[in-house]
Structure formats: structure tokens, C-alpha cells
Amino acid sequence: MPKITSVEGRILFNSRGSKTIEVDIVSDNRFLGRVCSPSGASVGKYEAVSFPNENPEDSLKILKQNSQKFIGLESSDLKAIHDTLRSLDNSNNYSIIGGSLAFAVTIASMESASKALEQPLFKTLSTDSEFKFPIPIGNILGGGAHAGPGTPDIQEILICATGAKTIEDAIETNLAVHKELRKVLQKQDPSFTNGRGDEGGWAPKLENLKALEVSAKACENLGFTLGKEVALGVDFASSTQWNEGKGKYLYDRAGFENSTGEQIDFAADIIDKFKLIYAEDAVHEEAFEDMAELAAKFPNTLVTGDDLTVTSKDILTKAIKVKACNAAILKVNQAGSLYDALEFANVANQNNVKLITSHRSGESTDSQISHIGIATGSKMLKVGVVGGERIAKLNELLRLSGHDFICGMAEI
Ligand code: 2PG
Ligand code: MG
């Protein structure tokens, strides 16, 4: 089995231009695994801390001081790598070494092992013998924490080619809708700047429902029927609107407030009207009972936890008990190490909670999450539609198309 022979790190920048850490792990002196950590803008309260003191340099210093501890370990032994990280940081949120360091070390190690074993990363991460492509879902219109004033309060309107039979078709369909939406936006506002949010979705000056209407129009213009060839999704990212003191959701840009009950109705009306296949964080991160109400009402929609479940197996277990969601986002850096994230995936899969492996708004051009999505049996891969750091993940799926072990698209 391949053994780790060197560990190095450096400071780089993510797609938002913020500092982050990249880690190189080499096995048997020649197989390089290289991973650069992403980071979020709408961050869940219970996520792993990205860096100690919010300083990537502190994580790098810790890596340099402890790199010898990884030398000689089997790079494919994820548990051993994870345990070594845990010997440096036993906090519940990686506040000592930073979740970004745990992310980069564990994934780089598995990538290095994959190269040494001459197999794709997804095969190294799973003992399954057959895999499916997760269906790509990506931003066509952005607001909230990912775009400026005047854009919708809701964070993301997403497109998903639910009817696609191949990965190529799925990606091309999403791209076509993204393109068509620009035309629709230009037509209704000739002064539209073609500005885009952090994840490549258009960022027009539009209020929430109008933004959904133009998104639906773009699909219809292409001859698609919502819920058939394509479907829309929304990441409400409701913790951004939630004001604990007032006990209300504040939609500052649109100029209204929702009580808890009104928020449930607001989300339910949108799910209904736009036949959403996917509704993420429709209520705030601690509103398990309210999410459960939506999950019960919409069994055919992926009522998805992101900030609600933060890729934590303990929090997901709590969510499962009250039937808070029928789907959950998997973001490795929310959990910290890849080992933690795979444990979360096991709990989800054992309890029929559908997985959506996801990017962060501040990304690198890496593409390992495409493999993580495949290996975990994720139904969807949420990685955007355009932008170099988003396309990198989609292109990796295309490279894997026709691979012996992958047969067809995931069924939702
Ligand atoms: C989200 C993500 C990714 P961020 O809320 O789901 O789309 O955004 O990385 O800013 O948390
Ligand atoms: Mg989210």
C-alpha cells in the first residue's frame, strides 16, 4: 500500500480572492495529491471553523510543525490520517487546526493514494462496484449573501436537468437555461449589466418572486416544462434573513418581514407555484420542526438541510428523529475532515436522506468533490453552472463519462 513520503502546504487564494490553504501530499515519492480548501459566505452556526483566529497562516504553521506525524502513514488509510489530525485537535469544530486544514489533508491524501493505486478517486472512497452520476444542479440567479443590494433576498435560484439521460445532456441543458436567462433579463431591463454573483448566477435588480418568474420564463422559452425536462430549485439560506431578537425573517431588500408561520407559507407557495424539485434551508438553521412541516407537505421535493444539518452526523441524527428533511447537503469543509463527511454520508444513506454534494461560494479550481459526489451516492451535485472554478467540477464529470464503473444518472 502507498505510504506518505512528504507533506507540504502553502497559502493561495480562493475564487473570492480570500486567502486559503493548499496542501500537497506525496505517496511513495511520486504520487501527488493536491487540494486547496474552499470557504462559504453563508456559514452555518455549527460548521467547522475554517481557520484558527480566521488566519490561514496559523493552519499552515500547524501543518509545518506537525508534518512529520503523517510521514509513513498509508495514504489510503483515511481513518489513520483523520486520527492524526484529531491528535492535534480534539475540539468539536476544528477550532485549533482549522477545518480547512483537515479538509485539504484528508482529501489530498486520498487523491495521492488513488494515483498510486491507479484508480479514480471515487473508487478509492467507496467499496461499491457500481456508481451513478449525481445530477448537476447549479445557480442561474443569485442574491442574498452572494450578491449585492437590489438582488433578491433569497440566495440562489438553481436549475437542474431532471430529465437528462446523460451527464453531457444534463450539463448542456443547465448551460442553455443560464444563457437564455441572460436574454430574458436583458429584454426586460436593457440596463442589466450582465453582473453575476459569487457562484456565477446572474445578479439582477429583482425582487424574489420576479426572479423566480424570469427563471421559469427562461426554461419555457427553451420549450421545457418545469418538472419534466428541467426543474427549478431554491436555496433560501434562511438563516441570513432570520433575526433572533425579533423572532422574524427580515426580507430587507424586498421590504417585508415573515413570522415563523408566514415563512413556512412563503416557502410553501414558492415550492408549489414553481414546482420546485429542490428547496434548501427554507427556514433557519435551528427550526427543525418548521422544516419537518415542509418535508411532510412536499414529499416529492428535496426538502434539504444545509445550515440546518452542517454535514454533522449528530445533527443529522437529530434531524432524522423529527423528520426535518428528506435530503441533506454534504460539504466536506462544514464537517472538517473527509472522514467526518463520509460518516455523515453513511448516516444519510442508511436513513434514506438523499445526499447533495456541494461546492462553497468561495471555491478553488479543484474537482475532487465531483468524485466525492459519485462515491457517496449523492443524487445531485451542486456546483454552479458557469465560472472557471464551477466548470472545473462539471468538466471532471465529463472526463469520467464512459467510465466502466459508472452507469447512468442518479434517480431522485
Ligand atoms: C450554500 C453555499 C453554496 P456558501 O449556502 O449552499 O451554494 O453557499 O458556500 O456561501 O455557504
Ligand atoms: Mg445553502
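**Why the terms fit: sheet, strands and ligand**

Modeller: Helix α1 (residues 56-66) lies across β1 and β2, and runs at about 165 degrees to β1.

Biologist: What makes α1 a helix and β1 a strand, and how is an angle between them defined?

Modeller: Both are DSSP runs, numbered from the N terminus: helices are H or I with at least four residues, strands are E with at least two. The axes are lines fitted to C-alpha atoms, for helices over the stretch in contact (heavy atoms within 4.5 Å), and angles run from 0 to 180 degrees between N-to-C directions. A word on the ground rules: this is a predicted model, in which local features need pLDDT of at least 70, side-chain atom pairs count only at pLDDT 80 or more, and totals for chains, interfaces and linings use all residues. Residues are numbered from 1 along each chain as its sequence is written, chains are lettered from A and ligands numbered from 1 in the order in which they are written, and side-chain values use heavy atoms, leaving out hydrogens and water.

Biologist: How do you know that β1 and β2 pair?

Modeller: Two strands pair if DSSP finds at least two bridges between them. β1 and β2 (residues 19-27) have nine bridges, in the antiparallel sense, so they qualify as a pair. One bridge partner in β2 is T20, which matches L12.

Biologist: What makes β1 and β3 edge strands?

Modeller: They belong to an open sheet of three strands, ordered β1-β2-β3 with antiparallel pairing. β1 (4-13) and β3 (31-36) each pair on one side only. From one strand to the next, the twist averages 15 degrees.

Biologist: Why is strand β6 called largely enclosed?

Modeller: Buried means under 20% relative accessible area, exposed means over 50%, and partly exposed is in between (1.4 Å probe, protein chains only). Five of the five residues of β6 (residues 156-160) are buried, so the rest of the structure largely encloses it. E156, L158 and C160 point one way, I157 and I159 the other, and all are buried. Side chains in a regular strand alternate between the two faces of the sheet.

Biologist: Which strands pair with β6?

Modeller: β5 (residues 135-142) pairs with β6 in the antiparallel sense over five bridges, and in β6 the bridge partner of L141 is I157. β7 (residues 231-235) also runs antiparallel to β6, joined by five bridges. E156 stands opposite D235 in β7, and G233 is the β7 partner of L158.

Biologist: How do you know that β7 is mostly covered?

Modeller: Five of its five residues are buried. A231, G233 and D235 point one way, with L232 and V234 pointing the other way. β7 also pairs with β11 (residues 278-280), in the parallel sense over three bridges, and there D235 stands opposite E280.

Biologist: What makes S239 count as buried?

Modeller: Its relative accessibility is 19%, so S239 counts as buried. S239 lies in the loop between β7 and β8 (242-243), and touches H284, E285 and D307, not counting residues up to four places away in sequence.

Biologist: Which side chains have an N or O atom placed at an oxygen atom of ligand 1?

Modeller: H146 has one at 2.8 Å, and D306 has one at 2.9 Å. E199 has a polar side-chain atom 2.7 Å from a ligand 1 oxygen atom. A polar contact is a pair of N or O atoms within 3.5 Å, so these pairs are inside that limit.

Notes
A polar contact is a pair of N or O atoms within 3.5 Å; within protein, one must be able to donate a hydrogen and the other to accept it, and residues adjacent in sequence count only if both atoms are side-chain atoms.
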